[in-house]
Amino acid sequence: MQVGSDGVACATCHFHAGADHRKRNQINPGLNNQDPERRARFEATRSDGKGGPNYALVASDWTFRSDFPADADDVISSQGVFHARFNGIAPESEKDDCTLLPDVFQVQGVNVRRVEPRQTPTVINAVFNFRNFWDGRASNHFNGVNPFGRRDPDAAVHAVRDGVLVRERVDLENSSLASQAVGPPVNPFEMSCEGRTYADIAAKLLPRRPLAGQIVDPTDSILGELRDSSGKGLAPVYRELVEEAFVDAYWRSDQRVGDRSLVEANFSLFWGLAIQLYEATLVSDNSRFDRFADGDSAALSDEERAGLAIFQGKGRCINCHHGPEFTSAAIRLQREEQVGGLISRMRVGDGGAALYDRGYYNIGVRPSEEDIGAGGVDPFGHPFSFARQGKLLAAGEGAPDGFGIDPASFEIEPGVPIAPLERDAVDGAFKVPTLRNIELTGPYFHNGGALTLRQVVEFYNRGGGRREREGGDTTGFGPNGTNLAPNIQPLGLTEDEKKALVAFLATLTDERVRFEEAPFDHPQLFVVDGHFWNEWTVVDDGTGRACEKIKEVPAVGAAGRRPKDLPGLAPFNPL
């Protein structure tokens, strides 16, 4: 909580089975819409509520019909920080010195916390993703500075070599979690006031005890041995932990990087690697399905086994959610030639051929122009999509990510090389999420558009949410009439088959996750749970910010929630 400019931790949006469980002030107006006039417009909810800032979601807001209004582009996501400009570190405060700025996230002129434009995915098992974030912008190669890996030509850290301070490029493969981790702490929606840098974060944290305002359980599986005698936080300060963990060439020097110390200048490197190594412990692999797969035939009921058969067959789920990770976006792609490559060619909605990124599909959740996802570009003008980079390579241009292409592995037209102007199915495509613990991580899809697993199954059963329009359908964008993935078509599931499929999906829950047993135990956390009072009226705290409701997430140790008489984590289910 010390890291955020105003008390937001990484865990603030990942505290419930690695995802977010809050219901109030969780609506974004659709800031990724390609139409700038629609980006700041909040819509009324489907329950006929006002919606917008500080609205409290109710179950009837999720009807998830295929005929929903075309202008309902709002997203259910996660609240982060107030919109403000960074002035400096406040030495005697956990919160930074920031000046409030005007924002669309306000009620009657009083600012509420900003909300991210995409739903929060779980961090559990995220270590297995080849790339991270819904659009894949967190590179598989960590550059030590930001999420963009090799794409940023200027990204470098500093090190002392033979007594001389030099700039060094970092290129760590299979480290997309580190690439992802360095994004939120300086993001002005998620954790930071605008203009704050990692050197500023370092100046704030290095002399302080981690978690100083948060209870750490004495039996915490990772932090218990470092727990301060007060019961709150850890005994060593951040600087001591950094110096113990990292090679001294990256922090031990009196030489300055501009006006910053070496340890401050390299803090993004330390941060990214530390978060990656922690999140790599969050591996969920002990569900009832795992026991069934290991030979315990009694681990699943008859209905659940029937659901597994539908998952693998008629339901077509396994086509995208395959492997032990239950996602085709997993790191088995790290050696492209072994699994068919990062790029392939498929038939899309109109029967035509198109290139696509493996593990990233347009399934028709919402019209593509509302959020083009993997069709976006990074700050340096490079496409996120490997398919589009492949077309650049075919045209004799450079592709910053550097990867192999094996046309012989393409699903259709194998052996036919990529053409520079070949059609692709990239716009509106998003990463295939893991299905492990899916029972606990709603709402679902990149826009939070489905409330329950039953609604998810209904969505796929009817062939997605796309709608026909002149020249194609709502998955189309630009010259493409459709970008629809080929498996998205009516399934014809019976009522019993739908129930069985939902029942099977619930078997992917690891009870250690449900009860927060090691390695899923954690310190105490306080999260903002919206503002007093409602979407019509809030209370100004005297600074132009709305007074906040605070939710405590209690500290638990290695044995999890049961010793503290806490119930297991429940599915997302607003009243």
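A residue counts as buried when its relative accessible area is under 20%, as exposed when that area is over 50%, and as partly exposed in between. With that in hand, N174 is easy to place: its relative accessibility is 31%, so N174 counts as partly exposed. L211 falls on the other side of the lower cut-off, because its relative accessible area is 16%, and so L211 is buried. Both residues come from a predicted model, and both turn up again further down.

First, the overall picture. The protein chain holds twelve helices and 18 strands. Its radius of gyration is 24 Å, close to the 25 Å that the globule rule gives for 575 residues, so the chain is as compact as a globular protein of that length. Put into a box along its principal axes, the C-alpha atoms take up roughly 65 × 55 × 55 Å. Of the 575 residues, 58% count as buried. Contacts reach well along the sequence, too: among those between residues at least 6 apart, 72% join residues at least 24 apart.

As for the outside, the accessible surface of the protein chain comes to about 22,800 Å², and carbon and sulfur atoms account for 53% of it. The chain carries 62 positive and 83 negative charges, and the mean positions of these two sets are 2 Å apart.

Now for the inside. In soluble globular proteins, nonpolar side chains tend to be buried together. Here, the largest nonpolar core has 35 residues, and F311, Y361, F504 and L505 are the ones with the most contacts inside it. Helices α7 (302-312), α10 (453-461) and α11 (495-506), along with strand β12 (353-357), each supply at least two residues of this core. F311 gives a feel for how the pieces meet: leaving aside residues up to four places away in sequence, F311 touches R316, C317, I318, H321, F326, L435, L501, F504 and L505. Two of the names in that list, F504 and L505, also belong to the group with the most contacts inside the core. Apart from this core lies another, of 28 residues, among them F142, A178, A202 and F267.

One member of that other core, A202, is also one of the buried residues of helix α2. How enclosed is this helix? Seven of the eight residues of α2 (residues 198-205) are buried, so α2 is largely enclosed by the rest of the structure. The buried ones are Y198, A199, D200, I201, A202, K204 and L205, a list that takes in the charged residues D200 and K204. Around them, the packing partners are β3 (84-88), α1 (176-181), α3 (238-245), β10 (260-261), α4 (262-265) and α5 (267-279).

That leaves a few backbone details in the loops. L211 is found in the loop between α2 and α3, and its phi is near 60°, a positive value in a residue other than glycine. N174 has a positive phi as well, near 55°, and its place is in the loop between β8 (164-168) and α1.

Two cis peptide bonds can also be pointed out. One runs from G442 to P443, with omega near 0°, and P443 sits in the loop between β14 (430-431) and α10. The other joins A518 and P519, where omega is about 10°. P519 belongs to the loop between α12 (511-514) and β17 (525-531).

Conventions
Residues are numbered from 1 along each chain as its sequence is written. This is a predicted model: local features need pLDDT of at least 70, side-chain atom pairs count only at pLDDT 80 or more; totals for chains, interfaces and linings use all residues. Side-chain values use heavy atoms; hydrogens and water are left out. Helices (H or I, at least four residues) and strands (E, at least two) are DSSP runs, numbered from the N terminus. The radius of gyration is taken over C-alpha atoms; the globule rule is 2.2 Å times the number of residues to the power 0.38. Buried means under 20% relative accessible area, exposed over 50%, partly exposed in between (1.4 Å probe, protein chains only). Contact means heavy atoms within 4.5 Å. Accessible areas come from the Shrake-Rupley method with a 1.4 Å probe; for residues, only the protein chains shown count as cover. The place of a charge is taken as NZ of Lys, CZ of Arg, CG of Asp or CD of Glu. A nonpolar core is a set of buried Ala, Val, Leu, Ile, Met, Phe, Trp, Tyr and Cys residues joined through side-chain atoms within 4.5 Å.
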